[in-house]
Amino acid sequence: NVLTMASFVGNDFTLEAMCAVTGVEESKLLELMDKTFKTGLIKERVIRGEGICSFADILVRDVVYEDVSPLKRKKLHGVVGGALEKVYAKKIDEHFGELAYHFLEGGDKDKALDYFLKAGDKAEKIYANSEGASYFQSALRLLEEKEDELREKGKVLERLGDIKRLVGETDACMKYWKEALL
């Protein structure tokens, strides 16, 4: 169960995130993690001064993840998104994209949209243009499902046009701007 929940958090995860996601007390979780470290399926690393656990191989994560039924997968993504939202509360802006993904996969499209827009804003501010465009395109797909969000859709289209202009994709820029005007 610990490996399954870890596969939903991602290839890398913290003990704090796992405690929140599994609901297991930290001391008990440490015992369980020690057992998984001994199997070689999970390893410990230090990234930016923080202790991180990682799947030894992305294929291991994928096999564990794929073993869960689609219905249960949707439920678990919702659980993981809610738990991580609390864990990341103090540094949530570092995790907008991750949270958007979990809420989208969990079926909470409103929260996913909010986080995709925030992730796009953040990426745009630091000139991570392709990342920002990807987040805005995901937000646009969600907005297209809503009929009453024309103003927000226009803003996202305009921002996509702006990003395409910055990277020199003039045709795509004009396409997005024309859609925004419509």
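**A predicted model, from overall order to local detail**

Read from the N terminus, the elements of the chain follow the order α-β-α-α-β-β-α-α-α-α-α-α-α. The model is a predicted one. In total the chain holds 10 helices and 3 strands. Along the principal axes, the C-alpha atoms occupy a box of roughly 60 × 35 × 30 Å. The chain has 182 residues, and 40% of them count as buried. Among contacts with a separation of 6 or more, 46% join residues that lie 24 or more positions apart.

The helix packing may be taken up at the N-terminal end. Helix α1, formed by residues 2-9, packs against α5 at an angle of about 70°, and the two axes are 10 Å apart. An angle between 65 and 115 degrees counts as roughly perpendicular, and α1 and α5 are therefore roughly perpendicular to each other. From α1, the contact involves T4, M5, F8 and V9, while α5 contributes R73, L76, H77, V79, V80 and L84. Sorted by class, the residues of this contact comprise 7 nonpolar, 2 polar and 1 charged.

Helix α5 has a further packing partner in α6. The axes of α5, residues 70-87, and α6, residues 96-105, come within 7 Å and cross at roughly 145°. The crossing of these two helices, α5 and α6, is left-handed. On the α5 side the contact is made by K74, H77, G78, V80, G81, G82, L84 and E85, and on the α6 side by E98, L99, Y101, H102, F103 and E105. This contact of α5 with α6 divides into 5 nonpolar, 5 polar and 4 charged residues. Three residues of α5, namely H77, V80 and L84, appear in the contact with α1 and also in the contact with α6.

Further along the chain, another pair of helices can be examined in the same way. Helix α8 spans residues 129-144 and helix α9 spans residues 150-166; their axes come within 10 Å and cross at roughly 155°. Angles over 145 degrees count as roughly antiparallel, so α8 is roughly antiparallel to α9. The crossing of α8 and α9 is left-handed. Residues N129, G132, A133, F136, Q137, L140, L143 and E144 of α8 meet E152, K153, V156, L157, R159, L160, I163, K164 and L166 of α9. The classes represented in the contact of α8 with α9 are 9 nonpolar, 3 polar and 5 charged residues.

Attention now turns to individual residues in the loops beside the strands. T14 lies in the loop between β1 (12-13) and α2 (15-22). Because its relative accessible area is 12%, T14 is buried. Apart from its neighbours within four places in sequence, T14 has contacts with E50, G51 and I52. Strand β3 covers residues 50-55, and the loop between it and α4 (58-66) contains D57. With a relative accessible area of 36%, D57 is partly exposed. D57 also offers a gauge of distance to the α8 region: its C-alpha atom is separated by 29 Å from that of A133, which lies 76 residues away along the chain. A133 is one of the α8 residues in the contact with α9.

The cysteines C19 and C53 deserve separate consideration. A disulfide requires cysteine sulfur atoms within 2.5 Å, and the count by this rule comes to 0 disulfides. C19 is in no disulfide, and the nearest cysteine sulfur, that of C53, is 10 Å away. Likewise, C53 is in no disulfide, its nearest cysteine sulfur being that of C19, 10 Å away. C19 is buried, with a relative accessible area of 16%. C53 is buried too, at a relative accessible area of 8%.

A final local feature concerns backbone geometry. Most residues other than glycine have a negative phi. Y127, although it is not a glycine, has a positive phi of about 60°. Y127 is placed in the loop between α7 (109-125) and α8. Its relative accessible area is 63%, so Y127 is exposed.

Terms used
Residues are numbered from 1 along each chain as its sequence is written. This is a predicted model: local features need pLDDT of at least 70, side-chain atom pairs count only at pLDDT 80 or more; totals for chains, interfaces and linings use all residues. Side-chain values use heavy atoms; hydrogens and water are left out. Axes are lines fitted to C-alpha atoms, for helices over the stretch in contact, and angles run from 0 to 180 degrees between N-to-C directions. Helices (H or I, at least four residues) and strands (E, at least two) are DSSP runs, numbered from the N terminus. Angles under 35 degrees count as roughly parallel, over 145 as roughly antiparallel, 65 to 115 as roughly perpendicular and the rest as oblique. A crossing is left-handed if the near helix is turned anticlockwise from the far one by less than a right angle, and right-handed if clockwise. Contact means heavy atoms within 4.5 Å. Ala, Val, Leu, Ile, Met, Phe, Trp, Tyr, Cys and Pro count as nonpolar, Asp, Glu, Lys and Arg as charged, and the others, Gly among them, as polar. Buried means under 20% relative accessible area, exposed over 50%, partly exposed in between (1.4 Å probe, protein chains only).
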